[in-house]
Amino acid sequence: MNKKQTHLHSSFSTLSTNDLLQFDKDNVWHPYTSMSAPLPTYMVDRADGVHIHLASGEQLIDGMSSWWSVLHGYNHPKLNAALVEQSAKMSHVMFGGLTHQSAITLCEKLIRLTPTGLDKVFLSDSGSVAVEVAMKMALQYQHAVAAKNATKLTKTKLLTVKNGYHGDTFAAMSVCDPVTGMHQIFEQVLMQHYFAPPPQCKFGEAWQPEDAVELSRLFAQHHHEIAAFIIEPIVQGTGGMRFYHPEYLKTCRALCDQYNVLFIADEIATGFGRTGKLFACEWADISPDIMCLGKTLTGGYITLAATLCSEHIANTISQGEAGCFMHGPTFMGNALACAVANASIDLLFENNWQQQVADIEKQLIQDILPLNCHHRVVDARVLGSIGAVECKQSVNVAAIQKRFVELGVWIRPFGQLIYIIPPLITTAAQLTTLVNAIAEVLNDDNCFTTN
């Protein structure tokens with residue numbers, strides 16, 4: 001037994017909350033947080049409905065859905081039951097050579113619900129991996145096409161738009177915004193792709209065709225190098241909760257068709273009703289060649305993602321040199337995750353998600369849009385169940401987080417953006433509490449940095 005093992009603490013369950021938080025601070029690395037000067041963390045005791053209960057006694061209304069994922073609230077009895085029922089049969093079996101009903105049922109639902117033409121489903125572990133899979137599909141497809149036509153492979157790059165975010169793994173990082181996408185320090189080791197200016201024409205405004213001029217030029221100039229175009233439909237999430245015009249998305253689809261480029265829709269954040277459509281692509285009435293799903297696929301219970309593609313793409317890859325798609329996660333098709341995903345999708349329709357989202361949108365429009373008059377606000381905007389307040393200054397994360405907890409809400413801002421995307425079961429009164437908390441912190445100079 002090594003020295004570390006002899007010092008393992010055998011009674012962590014008996015430690016005080018303060019001791020546990022100190023261990024967390026000293027040893028546990030949280031996302032986008034420094035280990036030498038870590039941001040404060042808050043100990044969660046339990047969660048139910050829209051509430052997060054802290055070990056220190058506070059009850060917080062969750063405005064973040066745990067980064068978009070908790071669709072129906074926490075600790076939902078129907079989702080819990082799906083996990084228990086599946087666990088009594090099996091929690092997991094390898095997906096190589098084996099299959100099971102939970103995965104088959106889930107794939108049937110995804111094929112039926114997603115836009116026309118997405119008939120093949122590849123299950124994976126997380127949103128970032130779903131993007132990696134989509135990019136690999138596009139590149140392996142182009143390799144197979146070139147080999148079939150006995151031509152030189154030239155389509156080895158992707159095209160995307162600035163302000164985009166597609167995940168933190170290496171291929172996904174390479175199509176995130178090269179400056180504001182949090183990954184610029186990796187620039188020298190990432191694959192190099194093409195970036196168009198971000199769409200400027202806002203959702204709800206009159207369409208301006210000049211918004212796609214530079215995008216069209218890049219397609220025309222580089223289409224022989226471009227395997228696929230990837231974009232977050234309608235909402236650029238981590239790039240600033242920017243809501244853009246559906247006509248831009250239609251133009252992207254048309255350009256992909258014109259230049260024989262595959263269209264990848266990253267619906268990881270926007271899928272399953274968040275924007276007011278089941279999938280954001282529906283705002284533009286388009287079908288992508290490849291679609292990525294994740295986050296709320298399981299209602300926030302277990303990590304799971306899916307990459308869907310057309311039959312043509314799947315067959316072309318399968319008939320290529322490798323004879324198969326070259327990817328296979330260990331926990332692909334995890335039975336527990338698939339079971340709870342099935343239950344979450346069923347619950348979405350049982351709860352009349354369209355009405356839930358419409359009610360949230362109506363309330364957010366009423367409560368958030370008046371914040372446009374605040375001296376600290378650049379723009380307050382709403383789409384579906386998403387409400388965003390873009391500020392003139394960057395937030396002081398530690399200070400603003402502490403203030404939100406004092407106000408009884410959980411909201412996690414970043415940069416100059418304060419946003420909420422609450423569970424669909426959130427009531428009008430709870431939404432008002434969330435927005436009132438945002439209005440309160442806007443008046444607190446300590447919650448913002450001095451530019």
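Which order do the strands of the open sheet have? In this predicted model, the open sheet has 3 strands in the order β13-β14-β16, and their pairing is antiparallel. The edges of the sheet are taken by β13 and β16, each with a single partner strand, so one side of each has no neighbour in the sheet. On average, neighbouring strands are turned by 10° against each other, direction ignored.

A closer look at β14 is a good way into this sheet. Strand β14 covers residues 386-391, and 5 of its 6 residues are buried, so the rest of the structure largely encloses this strand. Towards β13 (residues 377-383), β14 is joined by 6 bridges, with the two strands running antiparallel. Here D379 is found opposite E390 of β14. The two strands form a hairpin with 2 residues between them, and G384 in the turn shows a positive phi of about 60°. Towards β16 (residues 417-420), β14 is joined by 4 bridges, again in an antiparallel arrangement. Within this pairing, G387 has I420 of β16 as its bridge partner, and V389 stands opposite I418 of β16. Helix α14 (residues 428-442) packs on the sheet and touches β13, β14 and β16, while its direction makes about 170° with that of β16.

Next come the charged side chains. The structure holds 15 salt bridges. One of them joins R46 and D48, with 3.9 Å from N to O. R46 is partly exposed at 45% relative accessible area, and D48 is likewise partly exposed, at 29%. Another salt bridge brings D346 and K109 together at 2.8 Å, N to O. This pair links distant parts of the chain, as D346 belongs to helix α11 (residues 335-350) and K109 to helix α5 (residues 101-113), 237 residues apart. D346 is partly exposed, with a relative accessible area of 36%, whereas K109 is buried at 8%.

R376 and D445 also meet in a salt bridge, at 2.9 Å from N to O. R376 sits in the loop between α12 (353-368) and β13, and D445 in the segment after α14, so their pairing ties together parts that are 69 residues apart in sequence. Of these partners, R376 is buried at 6% relative accessible area, while D445 counts as exposed at 55%. Salt bridges with shared partners also join K202, D379, R381 and E390 into one network. Two members of that network, D379 and E390, are the residues that stand opposite each other in the pairing of β13 with β14.

The aromatic rings complete the picture. The count of aromatic pairs comes to 11. Among them, F170 and F186 have ring centres 5.9 Å apart and planes at 65°; planes over 60 degrees apart count as edge-to-face, so this pair is edge-to-face. F170 lies in helix α7 (residues 170-174) and F186 in the loop between α7 and β6 (194-196), so the pair ties together parts 16 residues apart in sequence. Both rings belong to partly exposed residues, with 48% relative accessibility for F170 and 31% for F186.

The pair of F219 and F229 is tilted, with 5.8 Å from centre to centre and 45° between the planes. F219 comes from helix α8 (residues 213-222) and F229 from strand β7 (residues 226-231), so parts that are 10 residues apart in sequence are tied together. F219 is buried at 0% relative accessibility, and F229 is buried at 0% too. Ring pairs link F219 and F229 with Y259 and F263 into a cluster. Elsewhere, K277 lies over the face of W283, 5.0 Å from the ring centre.

How values were computed. Residues are numbered from 1 along each chain as its sequence is written. This is a predicted model: local features need pLDDT of at least 70, side-chain atom pairs count only at pLDDT 80 or more; totals for chains, interfaces and linings use all residues. Side-chain values use heavy atoms; hydrogens and water are left out. Buried means under 20% relative accessible area, exposed over 50%, partly exposed in between (1.4 Å probe, protein chains only). Two strands pair if DSSP finds at least two bridges between them. Rings of Phe, Tyr and Trp (its six-membered ring) pair if their centres lie within 6.5 Å; planes under 30 degrees apart count as stacked, over 60 as edge-to-face and the rest as tilted. A charge sits over a ring if NZ of Lys or CZ of Arg is within 6 Å of the ring centre and within 35 degrees of the ring normal. Axes are lines fitted to C-alpha atoms, for helices over the stretch in contact, and angles run from 0 to 180 degrees between N-to-C directions. Contact means heavy atoms within 4.5 Å. A salt bridge is a side-chain nitrogen of Lys or Arg within 4 Å of a carboxyl oxygen of Asp or Glu.
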